[in-house]
Amino acid sequence: MSRYVIVGNGTAAIGCVEGIRFVDPLGKITVLSKENHPAYCRPLISYFLEDKTDPKKMLYRAETFYEDNGCEVLYNVSATALDPETKTLTLDSGDTLSYDKICVATGSSPFVPPMENLENVKNRFSFLTLDDAKALKKAVKPSSRVLIIGAGLIGLKCAEGLRAITKNITVCDLADHVLSSILDAKDAAFVQKHLEANDLKFTLHNSVAKFKGNTAIMQNGDEIPFDILVTAVGVRANWGLVKDAGGACGRAITVNEKMETSLEDVYAAGDCTESTDISDSLIKVMALMPNAYMQGYTAGINMAGGEKVFDNAIPMNSIGFFGLHMMTAGSRKGQMKTDIQKDSIKRFYKEDGKLIGFVLIGDVQNAGVYTNILRNQIPIKSLSEFNIKKSPSMATYDEEFRRKTLESVVK
Ligand SMILES: Cc1cc2nc3c(=O)[nH]c(=O)nc-3n(C[C@H](O)[C@H](O)[C@H](O)COP(=O)(O)OP(=O)(O)OC[C@H]3O[C@@H](n4cnc5c(N)ncnc54)[C@H](O)[C@@H]3O)c2cc1C
């Protein structure tokens with residue numbers, strides 16, 4: 001009987017369990033979980049702040065998932081070292097665990113750049129885990145003044161969640177516009193206006209130079225007193241196990257299309273890995289739930305002796321703030337087609353006859369169809385009724401794609 005070990009217990013790990021079980025119903029699966037919770041939907045932690053959900057509703061799978069799949073889960077346990085020669089994993093307790101195949105699905109950790117006197121700030125939080133959200137929720141009062149460093153997706157989701165508790169929230173960012181990794185300045189201004197209408201305050205192109213107690217001295221000289229500080233500047237891949245064992249890494253763990261690392265019988269999946277973005281052929285960390293799941297599932301199938309590749313990763317964000325929904329995918333280059341209305345913006349980017357990216361703000365209808373066209377690199381010429389302003393449907397695709405897709409659904 002094969003022994004499988006999965007390090008981490010997030011989306012990629014669940015995908016890996018399901019991939020293994022698709023092929024091997026009997027092998028022994030051990031899941032190591034640093035967090036003391038069954039896998040949950042990480043993007044929901046901001047809704048937890050707002051009391052729109054609770055830990056039970058946030059579960060990523062049914063409560064019986066691990067039992068149903070014959071997994072042993074070791075909660076509150078971290079792996080500290082991997083030895084691919086002896087095929088053993090060392091745990092923080094000092095115990096070791098042997099494996100035949102292992103998947104590293106360790107996600108990422110918050111990155112906090114050095115800031116003078118940061119260590120002396122009281123009530124300082126990150127916003128990545130359910131425990132972070134629980135601690136933050138406990139500390140914030142309706143009278144709290146909150147400063148959030150980082151106007152990216154995580155900082156803004158945190159701001160939205162906290163807005164249900166306090167009106168006094170300032171977000172700063174070194175970039176000159178919000179969501180700078182997914183939006184250009186024009187589209188970001190549209191979103192920022194909506195955020196400001198919901199009472200968030202911004203200071204952009206400006207970050208904290210140093211702290212004097214719980215006052216931030218900003219680079220432009222302004223002083224911002226606060227009660228609660230949230231650092232949401234970015235994350236770094238948890239690649240230590242593979243890197244320290246001599247495995248290849250770039251900005252994260254290097255994997256091939258089968259999710260194999262350069263170490264024998266060691267696979268990796270999710271936010272701790274980097275892979276090729278098919279919309280621009282660049283190698284990137286695409287820290288997103290759908291990618292994490294598909295990578296984990298692919299790793300699991302291959303670990304159990306099946307055959308699967310995941311070779312169509314794209315960066316994709318489906319988010320909403322205070323009722324404004326948006327979806328971005330792929331790259332923002334090439335030929336652009338724009339449709340701007342009072343309450344919405346749509347941009348489509350095309351190169352070599354293919355859709356390589358899109359941005360939808362305020363109207364995300366048909367996003368699934370656009371994503372399919374992009375992910376499957378379907379030539380626009382072959383889309384019989386492709387008209388961005390009309391409502392695309394399955395009829396949009398050519399006959400062969402329709403047949404293949406429908407076959408895979410009914411099979
Ligand atoms: C606030 C927020 C909003 C988000 N919104 C979206 C969204 O709208 N859409 C979207 O697609 N994605 C979103 N994401 C990103 C998404 O949550 C991640 O891409 C996804 O959770 C990655 O899954 P993963 O399994 O790779 O990593 P994780 O979910 O991070 O799981 C990794 C687990 O491994 C554990 N671990 C690490 N090291 C060890 C070790 N040595 N031993 C044992 N365990 C270890 C970690 O503690 C963690 O529990 C959001 C993330 C955040 C924080």
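1. Helix 1 (11-23) passes helix 8 (289-303) in a right-handed crossing, right-handed meaning that the near helix is turned clockwise from the far one, and left-handed that it is turned anticlockwise by less than a right angle. Helices here are DSSP runs of H or I with at least four residues, and strands are E runs of at least two, both numbered from the N terminus. The two helices pack at an angle of about 35°, with their axes 6 Å apart; axes are lines fitted to C-alpha atoms, for helices over the stretch in contact, and angles run from 0 to 180 degrees between N-to-C directions.

2. A word on the model, which is predicted: local features need pLDDT of at least 70, side-chain atom pairs count only at pLDDT 80 or more, and totals for chains, interfaces and linings use all residues. Residues are numbered from 1 along each chain as its sequence is written.

3. Back to the helix pair: Ala13, Val17 and Ile20 are among the helix 1 residues in the contact, and helix 8 brings residues including Tyr293, Tyr297 and Ile301. Contact here means C-beta atoms, placed from the backbone, within 7 Å. The contact divides into 16 nonpolar, seven polar and one charged residue, where Ala, Val, Leu, Ile, Met, Phe, Trp, Tyr, Cys and Pro count as nonpolar, Asp, Glu, Lys and Arg as charged, and the others, Gly among them, as polar.

4. Now the ligand. Of the 34 residues around the ligand, Gly8, Gly10, Pro43, Gly107 and Gly270 come nearest; a residue is near if its C-beta atom, placed from the backbone, lies within 6 Å. Helix 1 and helix 8 are among the elements that give two or more residues to this shell. The shell holds 17 nonpolar, twelve polar and five charged residues. Domain 1 (3-107 + 238-303) and domain 2 (111-234) each supply at least three residues, with bounds from an automatic or database domain assignment.

5. You may also like the open five-strand sheet, ordered 22-23-26-25-24 with antiparallel pairing; strands pair if DSSP finds at least two bridges between them. Strand 22 and strand 24 (335-340) are at the edges with a single partner strand each, so one side of each lacks a neighbour in the sheet. The twist averages 15° from one strand to the next. Strand 23 (residues 324-330) and strand 26 (residues 354-361) are joined by five bridges, and methionine 327 has leucine 360 as its bridge partner. Helix 9 (residues 367-375) packs on this sheet, touching strand 22, strand 23 and strand 26.

Methods. Contact = placed C-beta atoms within 7 Å.
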